[in-house]
Amino acid sequence: MISMKSQAGDFLILDKATGTYRENPEQVVRDDVEKHYWLHVGRTILKDWRLYLMLVPTILVFLFWRYLPMYELLGSFKVDDSVKPVADQFFKGFSNFKGLLVGSGTYAELSSNFWRALRNTFLLSFYGLCFGFPMPIILALFFNEIRSDIVRSTYQVFTYLPKFMSTVVMTSLVTMLIKQGASASNTPPGIISQALAGLGLISQEVAQKGLLNNPQFFRAIYQISGIWETAGYDSIVFFAAIIAISPTSYEAAQIDGANKWAQMRYVVLPSILSTIVIMLITRIGSMLSIGYEKVLLLSEGRVAAYQTAEVVSTFSWRIKSNQSGLASAAEMMNNVIGMLLVIGANTIARKASNVSLY
Amino acid sequence: MKRKLEISELIFKIISYVFLTVFALLCLYPFLYAVSAAISGRHAVEYSEIILFPKDVQFDAFRYMFSSNEFWNAYSNTLFLTIYGTVWSLFVAILGGYALSKKRLLFRKFFNFFLVFTMWFAAGIVPQYLNYLATKDVFNSMGIMDDKWLVVIAMGMAAMNIILLRNAFENVPSEIEEAAIVDGASEMQVLSKVFIPMSKSTIATVALFFAISRWNGYFWARQMISNANEQPLQVFIRNKLEQYTDLEQLATWTENYAADSVIFALIVCSIIPILIIYPFIQKYFAKGANAGGVKE
């Protein structure tokens with residue numbers, strides 16, 4: 001007879017065909033998973049080995065070129081200045097950090113350079129937040145005003161274009177357009193320097209000496225070329241949020257007598273606020289990861305400009321060959337602050353998206 | 001009331017058109033200037049007489065560029081890195097994205113975190129460089145002797161692209177996959193016959209990002225490739241800019257082009273391939289840009 005009470009929980013069930021009891025396979029599997037977890041893992045992987053094999057290249061690429069460098073960061077605890085394997089020098093203490101932060105004695109100059117680099121990193125990001133961040137939003141609002149699809153997409157294509165050019169091309173163009181003039185052959189400076197001098201924004205002598213050599217202008221050059229590079233492309237996200245607004249919202253506002261500014265204030269802005277908040281927080285989170293390539297290419301060899309152009313990554317890059325421990329320590333501090341910013345920003349985002357949206 | 005409404009809208013519309021026209025032209029201007037300066041005569045370039053249109057047109061700067069072996073060398077090196085680099089990155093990303101898209105994958109959460117963490121925390125350039133020095137010998141002993149191949153397999157991967165592919169694969173209806181399995185398709189066949197054709201546009205987007213980042217790659221190619229003849233075009237351009245004074249001497253008074261024209265000609269040559277494919281890849285932009293807001 002078949003046991004009517006038979007459940008998955010029973011260890012033995014009655015086999016209909018033979019009339020004998022045998023092990024309940026479901027219970028065996030569950031038991032196996034609980035008692036021999038790693039055996040179960042091994043069996044699952046063996047059974048499905050193709051899937052796990054597919055993951056191997058990804059894991060190797062990230063392990064070798066993303067995670068092993070993090071291990072190299074431990075070099076910040078070593079004292080030796082040469083480029084040696086971390087393992088040989090492992091953990092000699094915090095003297096590198098102390099040297100950079102406090103900077104007494106032989107470290108004095110190095111430490112002041114480090115603080116300067118940290119301040120420059122912060123300021124470049126901060127100005128980017130003030131000037132670079134609003135620009136794509138403004139562009140998206142304006143794009144929305146253009147009703148003709150052909151005209152609008154033409155404008156959009158033009159503004160996206162710089163995003164796809166390499167950093168070398170961008171910085172070479174910037175360098176050439178604001179290059180210094182040569183007083184010997186009496187050749188004038190680059191065309192943009194001339195235009196700025198003509199408008200009276202800078203003096204003729206300053207233009208002649210080259211804007212990139214002048215620490216006063218590095219931040220402006222960095223921000224303006226940054227807007228040129230990314231504002232158009234970054235506007236895509238905001239534009240997508242704006243065109244998602246239902247036309248009935250505008251109609252309702254118009255019936256209520258709202259003019260264009262009121263419509264902006266009460267219809268458009270609230271609708272794209274969540275996108276703005278998300279993008280803002282992403283931006284704050286990446287505040288300390290300034291693109292080293294652009295800074296290096298714009299400032300390399302122009303020692304005078306380091307006053308404003310030296311950021312933490314370029315600072316450590318320049319000292320790496322004979323002070324690799326200090327260079328790693330500088331990057332380590334930059335990265336830890338950077339990660340705290342990311343985590344902080346994410347936490348705020350999670351809370352803010354609940355508060356500000358509903 | 002009605003009239004006031006129209007005025008404010010009209011003003012805003014005018015501001016929009018004016019602002020966008022100016023902005024779009026400013027975005028284009030440096031490129032137009034580069035073309036004009038590359039084909040203008042020596043005097044016009046050196047005394048900055050060009051504003052927009054070329055003057056005393058010459059093509060000798062281009063001719064000088066095209067006659068140099070180094071230039072073609074750099075160009076073919078860039079093609080090498082772009083083609084093999086894109087294929088390799090796409091291969092890794094498609095397999096990884098496919099595996100991660102499967103709910104049955106053990107430790108799926110851990111592997112996802114493994115990728116996402118690299119977007120939060122990057123070691124930085126010095127540790128990356130030291131790691132490169134430390135692992136170079138390992139790869140050399142594995143038979144990857146060529147610096148170019150090391151650049152191909154080491155660089156150009158981004159967690160974002162794998163996540164984009166993973167999300168696309170997750171959106172493929174499971175019924176279709178099950179039907180293929182019932183028909184006896186193997187894992188590899190399911191991927192190549194079902195998942196890849198159904199995620200074509202995402203794969204194209206990701207391939208585009210890989211290709212552009214490879215074409216534009218500069219810094220690590222310069223650090224990792226020791227043989228000057230194997231350097232890509234971007235490094236070549238940068239070297240020319242750094243050796244600006246040499247160029248000035250080379251373009252002696254007997255030549256009718258300025259040193260600047262050579263650099264501008266190089267820049268134009270390096271962006272032409274991007275400009276050619278640009279109209280075809282446009283439709284993928286929105287997809288890539290909106291991927292930034294993608295969930296983990």
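This is a short chat about a predicted model with chains A and B.

User: How many residues does the contact take from chain B and from chain A?

Analyst: The contact takes 73 residues from chain B and 75 residues from chain A.

User: Which helix gives the most to the chain B side?

Analyst: That is helix H1 of chain B, residues 2-38, which gives 16 residues to the side touching chain A.

User: And how do the residues on that side divide into nonpolar, polar and charged?

Analyst: On the side of chain B that touches chain A, 49 residues are nonpolar, 16 are polar and eight are charged.

User: Different topic: H9 and H10 of chain B. At what angle do their axes cross?

Analyst: The axes of H9(B), residues 174-182, and H10(B), residues 187-198, cross at roughly 140 degrees and come within 10 Å. The two helices are therefore oblique to each other.

User: Is that crossing left-handed or right-handed?

Analyst: H9(B) passes H10(B) in a right-handed crossing.

User: Which residues meet there?

Analyst: From H9(B) there are Ile176(B), Glu177(B), Ala180(B) and Ile181(B), and they meet Val190(B), Lys193(B) and Val194(B) of H10(B). This contact has five nonpolar residues, two charged and no polar.

User: Back to chain A. What is its mean pLDDT?

Analyst: Chain A has a mean pLDDT of 82, with 85% of its residues at 70 or more.

User: Where is the pLDDT below 50?

Analyst: Residues 1-8 of chain A have a pLDDT below 50. In the model, that stretch has eight contacts beyond near neighbours in sequence.

Key. Residues are numbered from 1 along each chain as its sequence is written. Chains are lettered from A and ligands numbered from 1 in the order in which they are written. This is a predicted model: local features need pLDDT of at least 70, side-chain atom pairs count only at pLDDT 80 or more; totals for chains, interfaces and linings use all residues. Two residues are in contact if their C-beta atoms, placed from the backbone, lie within 7 Å. Helices (H or I, at least four residues) and strands (E, at least two) are DSSP runs, numbered from the N terminus. Ala, Val, Leu, Ile, Met, Phe, Trp, Tyr, Cys and Pro count as nonpolar, Asp, Glu, Lys and Arg as charged, and the others, Gly among them, as polar. Axes are lines fitted to C-alpha atoms, for helices over the stretch in contact, and angles run from 0 to 180 degrees between N-to-C directions. Angles under 35 degrees count as roughly parallel, over 145 as roughly antiparallel, 65 to 115 as roughly perpendicular and the rest as oblique. A crossing is left-handed if the near helix is turned anticlockwise from the far one by less than a right angle, and right-handed if clockwise. pLDDT is the predictor's confidence in each residue, from 0 to 100.
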